[in-house]
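Grab a coffee and work through a few exercises on the protein shown below. Try each task yourself before you read its solution.

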Amino acid sequence: MAADLAIKVTNLHKSYGEAVAVNGISFEVQRQEVFGLLGPNGAGKTTTVEILEGLREADSGEAVVAGIDVLRHPDKVKHVIGVQLQASAFMDNLSLLELLELFAAFYNRRVDGEALLRKVDLVEKAKRQVKELSGGQKQRFSIATALVNEPEVLFLDEPSTGLDPQARRNLWDLVRALQGEGRCIVLTTHFMDEAEYLCDRVAIMDHGRILRLDTPDNLVHELLSHGFKRDKVEREANLEDVFINLTGRELREE
């Protein structure tokens, strides 16, 4: 695999009985790229990501992540990737620092927990438990746990779902900062504005296939070139921008 590639997928297939979840898809993701996997429910996004994470076995094809053949070495790939967990995955009786130390131990690593919490703006919550955090704080902490092994590739699954506008913009800033550190980030989201803001390129999936793969700008321009016109013309700002302008970007978390 070329040195500038973080992920290379070739003719990947996965079926569940008669149901085809992934139907011969191929794509590449560059290092230090935010890559979006978009599509309606049941499009095959989750199955694709789970194969790349070594959590699900493919029927055929190739998938290489950070130079590791995932289909042959699914356990090995877990040491070079980070996966955002849902808050329900954390034990309620441990503090944030203790949880980070526990997750690092799974990789036989020692971790500077305070430094990680500082990276996600949670150092002041170090001795709190996950159940005491707000929604945005839980999402940021889940990203912190995904960073304990210093992954080359980070998988984020709908990271801003349920967040208010300030928390959502704050999380976007965090994703951009992580990209700036040199990480490849694979993002799944149902929010098209989020994909357009964060992703260098997106793959739009449906029925197990990739329908289009390009930059958000190129995909929009392609649609417009075919004569598409919206019923309501977009303005340079939207209601969320008004909300942020009036109430500020400061997080409102207890």
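### A greasy patch on the surface

F228 sits in the loop between α8 and α9 (239–247). Keep in mind that this is a predicted model.

**Exercise 1.** Work out whether F228 is buried or exposed or partly exposed, and find which residues make the nonpolar surface patch with F228.

*Solution.*
- Start with the cover: the relative accessible area of F228 is 40%. Buried needs under 20% and exposed needs over 50%, so F228 counts as partly exposed.
- Now look for its partners: V220, L223, L224 and F228 make a nonpolar surface patch of about 340 Å².
- Then place the helix: α8 (residues 216–225) packs on a sheet, where it touches β9 (201–206) and β10. The direction of α8 makes about 100 degrees with that of β10.

### Two sheets

**Exercise 2.** Trace the strand order of the six-stranded sheet, and say which strands are at the edges.

*Solution.*
- Walk across the open sheet and you get β6-β7-β8-β3-β9-β10, with mixed pairing.
- The edges are β6 (81–83) and β10 (209–214), each pairing on one side only.
- From one strand to the next, the twist averages 20 degrees.
- Zoom in on one pair: β6 and β7 (residues 153–157) run parallel over three bridges. Here V83 stands opposite F155 in β7.

**Exercise 3.** Do the same for the four-stranded sheet, then find the partners of H13 and K14.

*Solution.*
- The order is β2-β1-β4-β5, an open sheet with antiparallel pairing. Its edge strands are β2 (19–30) and β5 (68–69).
- On one side, β1 (residues 5–16) pairs with β4 (residues 60–65) over five bridges, and S60 in β4 is the bridge partner of H13.
- On the other pairing, β1 and β2 share nine bridges, with V22 in β2 as the partner of K14.
- Check the turn too: β1 and β2 form a hairpin with two residues between them, and G17 in that turn has a positive phi of about 65 degrees.

### Inside the fold

**Exercise 4.** Why is helix α1 (residues 45–52) described as largely enclosed? And is S160 buried or exposed?

*Solution.*
- Count along α1: six of its eight residues are buried, so the rest of the structure largely encloses the helix. Those six are K45, T47, T48, V49, I51 and L52.
- Just past α1, G54 takes a positive phi of about 80 degrees.
- S160 belongs to the loop between β7 and α6 (165–180). With a relative accessible area of 1%, S160 is buried.
- Skip neighbours within four places in sequence, and the contacts of S160 are Q139, R168, W172, F191 and E194.

### Charged pairs

**Exercise 5.** The whole structure has 13 salt bridges. Find the partners of R31, E181 and D173.

*Solution.*
- R31 pairs with E152, with the closest N and O atoms 3.0 Å apart. R31 is in the loop between β2 and β3 (34–38) and E152 in the loop between α5 (135–146) and β7, so the bridge ties parts 121 residues apart in sequence.
- E181 pairs with K119 at 2.7 Å between the closest N and O atoms. The two are 62 residues apart, with K119 in helix α4 (residues 113–119). K119, E181 and R183 are linked in a salt-bridge network.
- D173 pairs with R249, closest N and O atoms 2.8 Å apart. D173 is in helix α6 and R249 in the segment after α9, so this bridge ties parts 76 residues apart in sequence.

Key:
Residues are numbered from 1 along each chain as its sequence is written. This is a predicted model: local features need pLDDT of at least 70, side-chain atom pairs count only at pLDDT 80 or more; totals for chains, interfaces and linings use all residues. Side-chain values use heavy atoms; hydrogens and water are left out. Two strands pair if DSSP finds at least two bridges between them. Axes are lines fitted to C-alpha atoms, for helices over the stretch in contact, and angles run from 0 to 180 degrees between N-to-C directions. Contact means heavy atoms within 4.5 Å. Patches are made of residues with over 30% relative accessible area and no salt bridge: like charges are joined within 9 Å, nonpolar side chains (Val, Leu, Ile, Met, Phe, Trp, Tyr) within 5 Å. Accessible areas come from the Shrake-Rupley method with a 1.4 Å probe; for residues, only the protein chains shown count as cover. A salt bridge is a side-chain nitrogen of Lys or Arg within 4 Å of a carboxyl oxygen of Asp or Glu. Buried means under 20% relative accessible area, exposed over 50%, partly exposed in between (1.4 Å probe, protein chains only).
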